[in-house]
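Hello,

Here is the structure I promised to hand over. Please have it open while you read; my notes follow below.

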Amino acid sequence: MREIILGGGCFWCVEAIFKRVRGVLCTEAGYAGEWEFSSYESVCGGDGNVEVVKISYDEGLIALESLLEIFLHAHDATSRDKQGADVGVQYRSVIFHRDEGDAKIIKDFLQKAQKNYAKPIVTEVLPLKFYTRAEDYHQDYFDKNPHQAYCQALIAPKIHKIFKDH
């Protein structure tokens, strides 16, 4: 089992997409960055940490590069500190890694992917310092609230788009 931590805007969207990917064993919404203990309130207040999803996957079923391809397709990697109507550093595009082997794979992947974008990819690639699991009500949010307006307007169409194209 391997692990990668992705920030691509609202963690509800990112988690809803990746928990439906073959080879992903589990997902968890959380916060990552410079501070050891974060909460939704502190992240929204600008503590500098990011809404992320910790993804545990079976590399025998899915390669890291395939997860990164889905990640780039699931959000705007050329938008700094903003995804749709969600604005702030907590929504920035970032990939946290635990080892330099993964860092090299990620950086090489993003460099090759750049040729498919007119604007620069601004996704940060950072070593993981701190990760905090998000509050329980953020876990599996889309699955628990599929008829909520935000889920219907933003998350459901993203899921449809990702799995229609892949």
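Start with helix 1, residues 11-18. Helix 1 is mostly covered: eight of its eight residues are buried. They are F11, W12, C13, V14, E15, A16, I17 and F18. Keep E15 in mind, as it comes back below with E28. One general point on helices: an α-helix has 3.6 residues a turn, so residues three or four places apart point the same way.

Please note that this is a predicted model.

**The whole chain**

The chain has six helices and eight strands. Their order along the sequence is β-α-β-α-β-α-β-β-β-α-β-β-α-α. The radius of gyration is 15 Å, close to the 15 Å that the globule rule gives for 166 residues, so the chain is as compact as a globular protein of that length. The C-alpha trace spans about 35 × 35 × 35 Å along its principal axes.

Of the 166 residues, 49% are buried. The exposed surface of the chain is about 8300 Å², and carbon and sulfur atoms supply 55% of it. Now take the contacts between residues at least 6 apart in sequence: 76% of them join residues at least 24 apart. On charge, the chain has 20 positive and 25 negative charges. The mean positions of the two sets are 5 Å apart.

**E28 in strand 2**

E28 sits in strand 2, residues 24-33. Is E28 buried or exposed? Its relative accessible area is 18%, and the cut-off for buried is under 20%, so E28 counts as buried.

The side chain of E28 makes two kinds of link worth a look. With the side chain of Y131 there is a polar contact of 2.7 Å. With the side chain of R133 there is a polar contact of 3.2 Å. Beyond its neighbours within four places in sequence, E28 is in contact with E15, V52, V53, K54, Y131, R133 and Q139. E15 belongs to the buried residues of helix 1. For a sense of distance, E28 and L110 are 82 residues apart along the chain, and their C-alpha atoms are separated by 24 Å.

**S93 and H97 in strand 6**

Strand 6 covers residues 93-97, and S93 is found in it. S93 is buried, at a relative accessible area of 2%. Which side chain does S93 meet in a polar contact of 2.7 Å? That of H75. Apart from residues within four places in sequence, S93 is in contact with G7, F71, H75, A77, V122, T123 and E124.

H97 is placed in strand 6 as well. H97 is buried, with 4% relative accessibility. Not counting residues up to four places away, H97 touches D102, A103, I106, V125, L126, P127 and L128.

**The loop between helix 3 and strand 4**

This loop runs between helix 3 (64-74) and strand 4 (82-83), and R80 lies in it. A77 and D81 are there too.

How do they compare in cover? A77 is buried, at 0% relative accessibility. R80 is exposed, at 57%. D81 is partly exposed, at 25%.

A77 is in contact with L72, S93, P120, I121, V122 and T123, leaving aside neighbours within four places in sequence. V122 and T123 are also among the contacts of S93. A77 and F37 are 40 residues apart in sequence, and 26 Å apart in space from C-alpha to C-alpha. R80 and R92 are 12 residues apart in sequence, with a C-alpha to C-alpha distance of 5.9 Å.

**Backbone angles to check**

Most residues other than glycine have a negative phi. D81 is not a glycine, yet its phi is positive, at about 60°. D140 is not a glycine either, and its phi is positive at about 55°. D140 lies in the loop between strand 8 (130-133) and helix 5 (141-144). D140 is partly exposed, with a relative accessible area of 26%.

That is what I have for now.

Best wishes

Methods: Residues are numbered from 1 along each chain as its sequence is written. This is a predicted model: local features need pLDDT of at least 70, side-chain atom pairs count only at pLDDT 80 or more; totals for chains, interfaces and linings use all residues. Side-chain values use heavy atoms; hydrogens and water are left out. Helices (H or I, at least four residues) and strands (E, at least two) are DSSP runs, numbered from the N terminus. The radius of gyration is taken over C-alpha atoms; the globule rule is 2.2 Å times the number of residues to the power 0.38. Buried means under 20% relative accessible area, exposed over 50%, partly exposed in between (1.4 Å probe, protein chains only). Contact means heavy atoms within 4.5 Å. Accessible areas come from the Shrake-Rupley method with a 1.4 Å probe; for residues, only the protein chains shown count as cover. Lys and Arg count as positive and Asp and Glu as negative; His and the chain ends are not counted. The place of a charge is taken as NZ of Lys, CZ of Arg, CG of Asp or CD of Glu. A polar contact is a pair of N or O atoms within 3.5 Å; within protein, one must be able to donate a hydrogen and the other to accept it, and residues adjacent in sequence count only if both atoms are side-chain atoms.
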